[in-house]
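User: I am new to this structure and would be grateful for a close look at one part of it. Please begin with a single residue in a loop and then place it against the interior of the chain.

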Amino acid sequence: QVQLVESGGGLVQAGGSLRLSCAASERTFDSYTVGWFRQALNKEREFVAAIWYDNGGTVYSDSLKGRFIMSGDNAKNTVYLQMNSLMPEDTAVYYCAADRGNLLYSRWYANNVAYSIWGQGTQVTVSS
């Protein structure tokens, strides 16, 4: 099954941007839903965005729509999370997750238990 390798986290000032990457190792994301979640210190894991890789369809957390953009690159078997206008409250560990099938047709795309494969997480810190 696919394995996930994340990169792109770091420290950025408020108002800045970062792009996170999630690469599929050993196989492609074809026929997978890929999601981004985040977990701030002492808080529950929160849904950020998800993509149905086969057609590039995306869904977002209502609170993040407009600032965060998720996309996929078929040639690189990689999905990206472009994060703009970052705020200190965006500080968290960001996780990439995947599961076979199209979760975007159900409400499960926002539920972390629907994803069976997880990356190691990447820290994003936004300073004020």
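Analyst: In this predicted model, serine 85 touches Gly15, Gly16, Ser17, Arg67 and Asp90, once its neighbours within four places in sequence are left aside. Serine 85 belongs to the loop that runs between strand S8 (78-83) and strand S9 (92-100). Its relative accessible area is 42%, so serine 85 counts as partly exposed. Although 13 residues separate serine 85 from alanine 98 in sequence, the C-alpha atoms of the two lie 26 Å apart in space.

The interior may now be considered. The largest nonpolar core comprises 30 residues, and those with the most contacts inside it are Phe29, Trp36, Met70, Val79, Leu81, Met83 and Tyr94. The strands on either side of the serine 85 loop, S8 and S9, are among the elements that give two or more residues to this core. Others include strand S3 (18-25), strand S4 (32-39) and strand S11 (122-127). A second core, separate from that one, has 10 residues, including Phe47, Trp52, Leu104 and Ala114. In soluble globular proteins, nonpolar side chains tend to be buried together.

Strand S9 also takes part in a covalent link. The structure holds one disulfide, formed by cysteine 22 and cysteine 96, with sulfur atoms 1.9 Å apart. This pair joins distant parts of the chain, as cysteine 22 lies in strand S3 and cysteine 96 in strand S9, 74 residues apart. The link is left-handed, with -75 degrees about the S-S bond. Cysteine 22 is buried at a relative accessible area of 0%, and cysteine 96 is likewise buried at 0%, whereas serine 85 is partly exposed.

Terms used: Residues numbered from 1 in each chain as written. Predicted model: local features only at pLDDT ≥ 70, side-chain atom pairs only at ≥ 80, totals over all residues. Heavy atoms only, no water. Helix = DSSP H or I, 4+ residues; strand = E, 2+ residues; numbered from the N terminus. Buried < 20%, exposed > 50% of the residue type's maximum accessible area, 1.4 Å probe, protein only. Contact = heavy atoms within 4.5 Å. Core = buried A, V, L, I, M, F, W, Y, C linked by side-chain atoms within 4.5 Å. Disulfide = S-S within 2.5 Å.
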